[in-house]
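Thank you all for coming. I would like to walk you slowly through one model today, so please have a look at it before I go on.

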Amino acid sequence: MDIYLSINNREQVIRLPVVPKEIKIQSDMDNTTFNTITLGDIKLIGLPALKTVSIQSFFPQQEYSFTRDKTYKGWEYVEIIVAWKARREPIRLIITETPINMACTIESFEYGPQDGTGDVYYTLSLSEFKFVQLEQRSV
Amino acid sequence: MHELYSVSNSIQTRLTPLVGTITRRSNIDELGEQLDFDLAFNDDKYTPVAPVDIGSLIVLQNRDEIFRGIVVTETKNGRESIQYNCFDYAFYLNKSKGIYQFNKVKGEVAITTMLNEFSVPIGNIELLGIVVDKIYQEEISSIIKDILDQAEKQTGIKYRMEMRTGKLFIEKQQNQIIKASFKLYETGPEVDVVTAIRNPSRKRSIENMRNSIKVTGNDKVIAEARNETLIKQYGLLQEISQLDDKDIAQAKNIAQNMLKDLGKIFEESSIEVPGDDQVRAGRILEITESVTGMSGQYLIKDVTHTISGGLHTMYLGLEVI
C-alpha cells in the first residue's frame, strides 16, 4: 500500500516515504435533533458532511531501509506541501490497493523535528473537496 | 429536495450547489412573499460565479414551483457568501402608487383594472359582493387591502390575497384550511407536522377585546351590537365606528361583523415544526397541543421557512379564529 499526494492533475506528485500506522477517513452526516414537545427528540436526517482524513507520520532526513521513496529528503517534503497550501488549490489523495481517491483541501499541516534524529514529524489534516459546476440551459 | 434556479439573459442556471440557507417568509398583512438566500463565493479559480444580479428571475422548486420572483437586494461582505433578497411580483404593487377614482364599481372590477395597468397576471379573483365608491392615491397593494377590508366589513367574509406561480389570487379565507405534513425520510410516510411541535408559545389577552360596538352616522348612533356574556365576565370594552353617508344602510351588518371580529379573547401563538412548502400566511391549520392548551383552528399570521443543509423547518405565528 502506498499513499500518493498530487496537485493539478499530477503536475507534481509525492509518494509518502513512510506510511502511517493507521489512516481512517471520517465521514459524518449533518443531522439535526429536533426537540418536540410531545415526542421528545426526533432526528431529522441532513446531508453528508465533507469527509476528513488525518495523516500522521514523518519525512526521513536520514537513510532508512524501510523508506518507500527517496526522491526527496525530510524538509523538502515540507517545502512542497507548504507551497501547495499557498497555491489555494485542491490536492488529490490516492491510497493504492484501496478505493480511496479523493480531491482534498489542506486544512492544517503541523510539522517539526522530534527526538533528535533530524526526521520531520508531521500531521497533515485533509478535507474532501467537491468540485461544483453550475448546470445551465437556455430557456 | 429543493432546487433554486436563476434566469437571466434567457439562460437558466441551477444555483442549488452553491446555495447555503434559503428562508422564505410571508405575512398576512403583506401582499407577496420574500425569499432570501446566500450563495457561496470565493475568489479561487474553483468556485464558479453564479450569474445572479439585481433583477434576476429566481425560482424555487421542490416537486412543484414554490416561489417565483426577482432579486431586489444584493449584499456582499468580503469573501463571505453573497446574500440575496428577492420578492415575488407583488413587489411592484407594494412599491408603486396609483391614482384611481372608482364610481360605484364592483370590487373585483376595481382590482382587475389596477392589476391590468401594472401587468400583474391574475390567477383568480372571487366576487367580493361590494361596490367601491372612492378616490384613492396610494400604493396599489394598500388600495387592494382597503377594498378587501370594505368587503369584510360589509359581508363578514374575509379575503386573502397572494401570489402563486407569478399570478395574483384573491380568495375567501375560510377556503384555505390546509393539512401540513412532512416525511422523516424520503421513502417514509407523511406525518402531520402538528405531531412534532417545538417551542410552542401561547399568549391570551383581552387587551384588544371589544365587546360592545356602536356605529354612528350623521352624528348619532345608528346601530349597536353587544356581547352580554363577555361584558359580564370581563367588563365593558366599547368601540365606536363612524360611517360615511353611503355606508349607513350597512350599519347593522358592520356593527355585528365588528363584534364578531373583536368580541373574543385574543390569542397569539407560535410554534416551530418541520417544514411543508404549502404553508403560507393566511392559511388555516388545525392544531391540538396539550401542553400549552392550543386547540382548534388557527390562522397563520406569518410564517418563515428555513431550508438549510437538506433540512426544512418553519416558524409559524398563529392567531385563533
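Let me begin with a single pair: A:Ser138 has B:Ile11 as its bridge partner, and B:Ile11 sits in β2(B), strands here being DSSP runs of E with at least two residues, numbered from the N terminus. Around that pair, β10(A) and strand β2 (residues 11–14) of chain B run antiparallel and are joined over three bridges, where pairing requires that DSSP finds at least two bridges between two strands.

Before I continue, this is a predicted model, in which local features need pLDDT of at least 70 and side-chain atom pairs count only at pLDDT 80 or more, while totals for chains, interfaces and linings use all residues. Residues are numbered from 1 along each chain as its sequence is written, chains are lettered from A and ligands numbered from 1 in the order in which they are written, and side-chain values use heavy atoms, with hydrogens and water left out.

How many residues of each chain are in contact? On chain A there are 27, and they meet 36 of chain B, contact meaning heavy atoms within 4.5 Å. The area buried between the two chains is about 2600 Å², with 63% given by carbon and sulfur atoms; buried area is the accessible area (1.4 Å probe) that two parts lose on being put together, summed over both.

Between chain A and chain B the count is three salt bridges, each a side-chain nitrogen of Lys or Arg within 4 Å of a carboxyl oxygen of Asp or Glu. One of them joins A:Arg88 to B:Asp43, whose closest N and O atoms are 2.9 Å apart.

Key. Helix = DSSP H or I, 4+ residues; strand = E, 2+ residues; numbered from the N terminus.
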